[in-house]
Amino acid sequence: MSSIEIDRVSKRFGPVEVISELSLRIESGEFIAFLGASGCGKTTLLRMIAGLETINSGEIRIGGERVDHLPPGARGVAMVFQHYALYPHMTIYDNMAFGLRNIGAARPLIDQRVQQAAKILEIEPLLARKPGQLSGGQRQRVAIGRALVKDPKAFLFDEPLSNLDAALRVRTRVELARLHQQTRATTIFVTHDQVEAMTLAGRIVVMNNRKIEQIGTPMEIYGRPASEFVARFVGSPAMNFLPVSVAGQGGRALLALASGAQLQTNIALEDLPSGEPMRLGIRAEAIRLDSEGSLPGKVEVVERLGDRTHLHVRLADDSTLIAEDVGHSRAAPGDSVNLRIDPDQAHLFDAQGRGYRAAAEARS
Ligand SMILES: Nc1ncnc2c1ncn2[C@@H]1O[C@H](COP(=O)(O)OP(=O)(O)O)[C@@H](O)[C@H]1O
Ligand SMILES: [Mg+2]
């Protein structure tokens, strides 16, 4: 398995730049997710690594070797697409063997690789069937198997689960996690689904507006979003945002909410830009019902999820936020409640959307 280096790579389609001076190093054996909204350039980046798309400037190296001038077949990577196409008239075995036969691999080697991949993916009983006799999930596993038999330097997955129904998507996700634990293959997984990125990846690359917004482990991305974009994109329900004015208190930011409530945070004042409008970012799980809480509001909608309940609460200044309560919440629409915000889970975002958090994360 090989590392992949993307070095100041740019890509234009005509006059439109879709990737701008992007640099990234993916370690050998790593499972990395490219996460971003539709149209942000994820597929383009993946296709440039695979060699299916040219680059306008920069370098791409796989296993230390420069590959950006090499044709796809010479790069040694295998790509699995969202719209995978199996050959309908061929058996599953022949579908999986096709790529190796094409490059003239010896029959025993082909057989060994196909059997091994079929075993890992648990599709051995299906090898004699045709694609039409398989379920969607089984066909997707065959598509992954076709990549697996090539014994590639890296796997490139482009939204491979998007076409599966919800239950199957979750099952296949677990299979992919297991597959990576077994093979330790360098894997790039492109998705617009933050849950897929969070659950599968060792590191997530959040992409936005032609460039990388943040790189980090799932918990870094979730717990320390570098920007408002990342904070909005990751986590469900989306983070709450409230305008605040910032005052000082012992070097730490004291926030005044529009409703009049105050929140003493641990965020260092010296890190913050002065005189700019700031926004408090706070996740639902950091806002609880508390009769002593300083933030009064009225419950408008109660969403029961079984293990927890989301309360949509309107505040005195007419803004709304989502708070979390226990599964058996007693809250009902119309209730007047008091909320308590956990200041240790507060984020601040400046006018440019840059994120700030208290440095001391150790208390967890
Ligand atoms: N062959 C192409 N010609 C022109 N524009 C393209 C081409 N392929 C992609 N684009 C544009 O590049 C941008 C990024 O596309 P894409 O990489 O497919 O995004 P994603 O996979 O993140 O949804 C989009 O605005 C898309 O319309
Ligand atoms: Mg795409």
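Visitor: Which exposed residues lie on the other side of helix α3 from the buried ones?

Guide: This is a predicted model, so to speak a computed sketch: local features need pLDDT of at least 70, side-chain atom pairs count only at pLDDT 80 or more, and totals for chains, interfaces and linings use all residues. Residues are numbered from 1 along each chain as its sequence is written, while chains are lettered from A and ligands numbered from 1 in the order in which they are written. A residue is exposed if 12 or fewer other C-beta atoms (placed from the backbone) lie within 10 Å of its own, buried if 20 or more do, and partly exposed in between. On that other side of α3, the exposed residues are Pro 108, Leu 109, Gln 112 and Lys 119.

Visitor: And how wide is the arc that the buried residues of α3 cover?

Guide: The buried residues of α3 are Arg 113, Val 114, Ala 117 and Ala 118. The arc is taken from the directions that lead from the helix axis to the C-beta atoms. The buried residues sit on the same side of α3, because their arc is only 130 degrees.

Visitor: Which elements do the buried residues of α3 pack against?

Guide: Packing rests on contacts: two residues are in contact if their C-beta atoms, placed from the backbone, lie within 7 Å. For the buried residues of α3, the partners are α2 (92-102) and α4 (136-148).

Visitor: How far does α3 reach from its first C-alpha to its last?

Guide: Helices (H or I, at least four residues) and strands (E, at least two) are DSSP runs, numbered from the N terminus. The expected span of a helix is 1.5 Å times one less than its number of residues. For the 14 residues of α3 (107-120), 20 Å is expected, and the helix comes close to this with a reach of 20 Å.

Visitor: Is α4 largely enclosed or largely open, and how many of its residues are buried?

Guide: Its buried residues include Arg 139, Val 142 and Leu 148. They pack against β6 (77-80), α2, α3, β7 (154-158) and α5 (166-183). The helix is largely enclosed by the rest of the structure, because the buried share of its 13 residues is 10.

Visitor: What is the order of the open sheet of 4 strands?

Guide: Two strands pair if DSSP finds at least two bridges between them. β1 and β2 are antiparallel partners over 7 bridges, and 5 bridges join β1 (4-13) to β4 (57-62). β2 (16-26) and β5 each have a single partner strand, so they stand at the edges. With antiparallel pairing, the order is β2-β1-β4-β5.

Visitor: Which residue takes a positive phi in the hairpin of β4 and β5?

Guide: β4 and β5 (65-66) pair in the antiparallel sense over 2 bridges, and Arg 61 stands opposite Arg 66. The hairpin has 2 residues between its strands, and the one with a phi near 55 degrees is Gly 63.

Visitor: At about what angle does helix α1 run to β1?

Guide: Axes are lines fitted to C-alpha atoms, for helices over the stretch in contact, and angles run from 0 to 180 degrees between N-to-C directions. Helix α1 (42-50) lies across β1, β2 and β4. Its angle to β1 is about 120 degrees.

Visitor: What twist does the open sheet of 5 strands average from one strand to the next?

Guide: Its order is β15-β19-β16-β17-β18, with antiparallel pairing. β15 (287-289) and β18 (320-326) each have a single partner strand, so one side of each is left without a neighbour in the sheet. From one strand to the next, the twist averages 50 degrees.

Visitor: In β19, which residue is the bridge partner of Ile 287?

Guide: β15 and β19 (336-341) pair in the antiparallel sense over 3 bridges. Across from Ile 287, the bridge partner is Ile 341.

Visitor: How far apart are the C-alpha centres of domain 1 and domain 2?

Guide: Domain bounds come from an automatic or database domain assignment, which here gives domain 1 (4-232) and domain 2 (237-356). In domain 1, 7 residues are in contact with 8 residues of domain 2. Between the two C-alpha centres, the distance is 38 Å.

Visitor: What percentage of the protein chain counts as buried?

Guide: The chain has 8 helices and 21 strands, and its C-alpha trace spans about 75 × 45 × 40 Å along its principal axes. Of its 364 residues, the buried share is 37%.
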